[in-house]
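Reader: I have this one open on my screen. Can we walk through it together?
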Amino acid sequence: MYIWLRRGKSQVSSESQLPSISVVICARNAAAHLMENLPSILDQNYHDFEVVVVNDRSEDNTSSVLADFRSKYSRLRIVSSELEGKGWLKKQALTKGIRSAQNECLVLTDADCKPLNHEWLKAFGKRFSSGSELILGVGFFQTAPGFLNALFRFESMRIAVQYLAAANADRAFMAVGRSIGYTKSLFERVGGFDGHADIQSGDDDLFVVAAAPHANTSAAPEACTVSAPATSFKEWLAQKKRHRSTGIHYPVFALCYLGLYDISMLLCTVGIFCVIFLFEMPVSLTFSLLIIFRTVLLFQNIGWVDIKSGMKALSVQLLLLELPLSLVYALLSIPTLGTKPFQWRKRISAIERSEI
């Protein structure tokens, strides 16, 4: 992870070489979020783009809010989703928005977040121009007082470090739907969300699992969005359980990769106790060097993502926050043990046959 993170791909800088982009947002009962966040997307410093908002059967005043924005911004396009069924059929609504988009290059985000700056789309445009078909941005949380906010922000930073490094190693396995880009042809080539249509979540990470083996993938830490964090540990835990439910569908490499990270943290904790209580020079010295080496590398990588994204890293809280997160993740993984893994083989085989 630490070696791969800084490995970047060449980018073009000329404005004239940047492609036209369609930003796709799925909104359900999101009037308040749209009023707060949509202007920062519509006002991006980019030469040619449209914003496609799919109004997914909203029951609040989302329609009137979008109509008001449409009167002010010609680049805004509104698509209505009239799908049948209960709940939020986000993947179906997103599919309609993607297929309604006028451009080949797509950038997806959520209604409840906004770009960190006005150069967000340029980060995607440069990578599209250099040949990338799948681009992984980052989604962080807004800063607020309190320990829980620090925990949530650090956790989002730690996740970003993990999946950006995997992407740079050509082993991408996840992304965040708050900031991701891919081409329309890639979406159609892998069958869109068909391979996991029966799973409510996964329009981001499970799509990456299916698409990454067949795409030129790149990491874009400067393509950063921010959103309001959970306001309680219970709310955050519910989010984590929902997100972790897709983890059993990751490839074996990703599961080992993520597991080894948490195991290394737990081993470092054991090492700290050995250093403090054993007082045996060879053991204490070995553990001390390993702990220092790992911590320095993690500081460096968090700092790298921090600089690229423009967010404030939480290095001071690192040693206090990482162990609790590793323990929580371990506990969240217990209910998934014994769950039948999702079968990607048939889906991938179909894709491979279509490419022959």
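Reader: Which residues of H4 are buried?
Author: The buried residues of H4 are Trp120, Leu121, Lys122, Ala123, Phe124, Gly125, Arg127 and Phe128. Buried means under 20% relative accessible area, exposed means over 50%, and partly exposed is in between, with a 1.4 Å probe and protein chains only. Helices (H or I, at least four residues) and strands (E, at least two) are DSSP runs, numbered from the N terminus.

Reader: What kind of model is this?
Author: This is a predicted model: local features need pLDDT of at least 70, side-chain atom pairs count only at pLDDT 80 or more, and totals for chains, interfaces and linings use all residues. Residues are numbered from 1 along each chain as its sequence is written, and side-chain values use heavy atoms, with hydrogens and water left out.

Reader: Back to H4. How many of its residues are buried?
Author: Eight of the 10 residues of H4 are buried, so the helix is largely enclosed by the rest of the structure.

Reader: What does H4 lie across?
Author: Helix H4 (residues 120–129) lies across S1, S2, S4, S5, strand S6 (134–141), strand S7 (180–183) and S8. H4 runs at about 170° to S8. Axes are lines fitted to C-alpha atoms, for helices over the stretch in contact, and angles run from 0 to 180 degrees between N-to-C directions.

Reader: What comes just after H4?
Author: Gly131, just after H4, takes a positive phi of about 105°.

Reader: Now the sheet. What is the strand order?
Author: The order is S3-S2-S1-S4-S7-S6-S8-S5. These eight strands form an open sheet with mixed pairing. Two strands pair if DSSP finds at least two bridges between them.

Reader: Which are the edge strands?
Author: Strand S3 (76–81) and strand S5 (113–115), each pairing on one side only. Neighbouring strands of this sheet are turned by 30° against each other on average, direction ignored.

Reader: In what sense do S5 and S8 pair?
Author: Antiparallel, over three bridges, with S8 covering residues 217–227. Pro115 has Thr225 in S8 as its bridge partner.

Reader: Which strands does H1 touch?
Author: Helix H1 (residues 31–42) packs on the sheet and touches strand S1 (21–27), strand S2 (49–56), S3, strand S4 (105–110) and S5. The direction of H1 makes about 25° with that of S5. Contact means heavy atoms within 4.5 Å.

Reader: And S1, how many of its residues are buried?
Author: Seven of its seven residues. On one side of S1 sit Ile21, Val23, Ile25 and Ala27, on the other Ser22, Val24 and Cys26, and all are buried.

Reader: What does S1 pair with?
Author: S1 pairs with S2 in the parallel sense over seven bridges. S1 also pairs with S4, again parallel, over six bridges. Ser22 stands opposite Glu50 in S2 and opposite Leu106 in S4.

Reader: Switching topic. How many salt bridges are there?
Author: A search of the whole structure finds nine. A salt bridge is a side-chain nitrogen of Lys or Arg within 4 Å of a carboxyl oxygen of Asp or Glu.

Reader: What does Lys90 form a salt bridge with?
Author: Asp110, with the closest N and O atoms 3.1 Å apart. Lys90 lies in helix H3 (residues 90–100) and Asp110 in strand S4, so the pair ties together parts that are 20 residues apart in sequence.

Reader: Are Lys90 and Asp110 buried or exposed?
Author: Both are buried. Lys90, Asp110 and Asp203 are linked in a network of salt bridges.

Reader: What about Arg99, which side chain does it meet?
Author: Glu188, in a salt bridge at 2.9 Å, N to O. Arg99 lies in helix H3 and Glu188 in helix H6 (residues 184–189), so this pair ties together parts that are 89 residues apart in sequence. Glu188 counts as partly exposed, at 37% relative accessibility.

Reader: Last topic, aromatics. How many aromatic pairs?
Author: Eight. Rings of Phe, Tyr and Trp (its six-membered ring) pair if their centres lie within 6.5 Å; planes under 30 degrees apart count as stacked, over 60 as edge-to-face and the rest as tilted.

Reader: What sort of pair do Tyr46 and Phe49 make?
Author: Their ring centres are 6.4 Å apart and their planes at 70°, so the pair is edge-to-face.

Reader: Which rings link into a cluster?
Author: Ring pairs join Tyr182, Phe187, Phe193 and Phe207.
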